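Hi everyone, thanks for making time this morning. I'd like to walk you through a structure that may be new to you, so please have it open while I talk.

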Amino acid sequence: MGKHLLSGNEAIARGAYEAGVRVCSAYPGTPSTEIFENLPQYKDELYCEWAPNEKVAVEVAYGAAIGGARSLCAMKHVGLNVAADPLFTAAYNGVNRGFVIVTADDPSMHSSQNEQDNRYYARSAKVALVEPSDSQECIDFMKEAYRISEKFDMPVLFRTTTNISHSKSLCTFSERQEAEPFVYERNQRKYNCAPANAYRNHPKVEANLKALAEYGETCPLNKVEYRGGKVGVITASIAYEIAKDVFPEDTSFLKLGLTYPLPMGLIREFASKVETLYVIEELEGFMEDQIRAAGIPCIGKEKVSNLYELNPERLREMLFGVKPEIKELPVKAVPRPPVL
């Protein structure tokens with residue numbers, strides 16, 4: 001179907017269309033807004049709406065998933081704070097058809113009041129976490145996220161960052177694969193989140209997470225690029241693209257797309273094949289902390305700051321002390337607030 005130049009947000013919309021999504025609800029907020037601005041072109045195959053707030057968006061989309069239709073909701077990172085209540089409940093109840101929540105994080109706070117790292121929501125809520133690194137992966141990983149949601153009976157948190165949301169790269173389209181609605185069957189035990197039911201559902205959540213971790217050892221979202229045994233890098237999301245620019249050509253990479261739960265067997269095997277292991281990630285040491293807790297030595301946040309978004313110049317200076325060349329312009333840019 002040819003090549004198309006899409007931003008990450010445009011690609012997420014395309015991925016939802018190709019995955020057979022039928023119901024979409026979101027609350028606007030940079031850097032996620034353009035996802036739903038690009039969904040109306042597919043209005044003959046799906047329904048999309050702006051919700052009054054993020055909590056309502058999650059509840060509408062989750063209700064559709066319970067009813068049997070693949071559904072999508074989206075928001076910026078701080079919006080997930082508003083939607084946390086239904087997210088945590090949905091994790092215990094499970095889904096009927098696939099249910100994906102896009103959280104668009106904003107490192108460097110280009111248009112946000114904080115720099116929170118929403119990967120921790122996946123760990124706290126006990127749901128799958130999927131992270132693409134470019135626009136093509138936004139399409140491909142979106143389709144896999146729905147398969148994960150249905151296979152392991154859980155919502156999937158689909159995390160992007162500003163650089164992924166707004167950067168453009170080439171994509172290949174596929175035909176829409178219709179996901180016919182599942183029949184809704186009344187199930188008080190599964191969908192009524194009364195304390196007694198939640199008590200009985202928690203073991204199911206833990207069992208599903210364990211099965212998902214085993215799946216992560218061989219899943220198509222996680223891949224090894226072995227180029228030598230001297231240096232290895234474990235990374236994900238936009239940090240993968242940046243690390244590829246910075247490290248030498250003979251560096252081996254374990255590039256993760258399913259980042260919670262982590263595939264510890266795959267990580268151990270990769271670590272055993274390299275002399276020096278780095279964990280490169282933007283913002284907090286989410287993966288590094290888990291890898292260190294598993295007894296695997298690595299270099300991470302002692303070198304790479306947890307402040308602001310990464311770029312090749314910053315990462316090169318932090319790792320290797322190579323300062324970027326800076327040229328002062330004769331004219332200073334006039335500071336201005338964000339344009340709405």
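I'll go through a sheet, then a helix, then some salt bridges. One thing before we start: this is a predicted model.

Let's begin with the sheet. In what order do its four strands come? The order is E9-E11-E10-E13, in an open sheet with mixed pairing. Strand E9, residues 223-225, and strand E13, residues 276-280, sit at the edges with a single partner strand each, so one side of each has no neighbour in the sheet. On average, neighbouring strands here are turned by 15° against each other, direction ignored.

Now look at E10, residues 231-236, and E11, residues 252-256: these two run parallel and are joined by five bridges. If you want a place to put your finger, Val233 stands opposite Phe253 in E11.

Two helices lie across E9, E10, E11 and E13. One is H11, residues 237-246, running at about 145° to E10. Another is H12, residues 264-272, which runs at about 170° to E11.

Next, please find helix H5, residues 84-93. Which of its residues are buried? They are Ala84, Pro86, Leu87, Ala90, Ala91 and Asn93. The buried residues of H5 pack against several elements, including helix H3, strand E5 and helix H10. After H5 comes Gly94, with a positive phi near 85°.

On to charges. Side chains of opposite charge can pair when their charged atoms come close. How many salt bridges does the model have? The count comes to 26.

Let me show you three. Glu131 pairs with Arg159, and their closest N and O atoms are 2.6 Å apart. Glu131 is in the loop between strand E6 and helix H7, while Arg159 is in strand E7, so this pair ties together parts 28 residues apart in sequence. Both Glu131 and Arg159 are buried.

The second takes us back to the sheet: Glu225 and Lys244 meet at 2.9 Å, N to O. This pair links strand E9 with helix H11, 19 residues apart. Glu225 is buried, at 13% relative accessible area, whereas Lys244 is partly exposed, at 29%.

The third joins Lys273 and Glu269, at 3.5 Å from N to O. Lys273 is partly exposed at 44% relative accessibility, and Glu269 is partly exposed at 43%.

Finally, salt bridges with shared partners connect Asp105, Asp117, Arg119, Glu131, Arg159 and Glu281 into one network. Thanks for listening, and I'm happy to take questions!

Technical notes. Residues are numbered from 1 along each chain as its sequence is written. This is a predicted model: local features need pLDDT of at least 70, side-chain atom pairs count only at pLDDT 80 or more; totals for chains, interfaces and linings use all residues. Side-chain values use heavy atoms; hydrogens and water are left out. Two strands pair if DSSP finds at least two bridges between them. Axes are lines fitted to C-alpha atoms, for helices over the stretch in contact, and angles run from 0 to 180 degrees between N-to-C directions. Contact means heavy atoms within 4.5 Å. Buried means under 20% relative accessible area, exposed over 50%, partly exposed in between (1.4 Å probe, protein chains only). A salt bridge is a side-chain nitrogen of Lys or Arg within 4 Å of a carboxyl oxygen of Asp or Glu.
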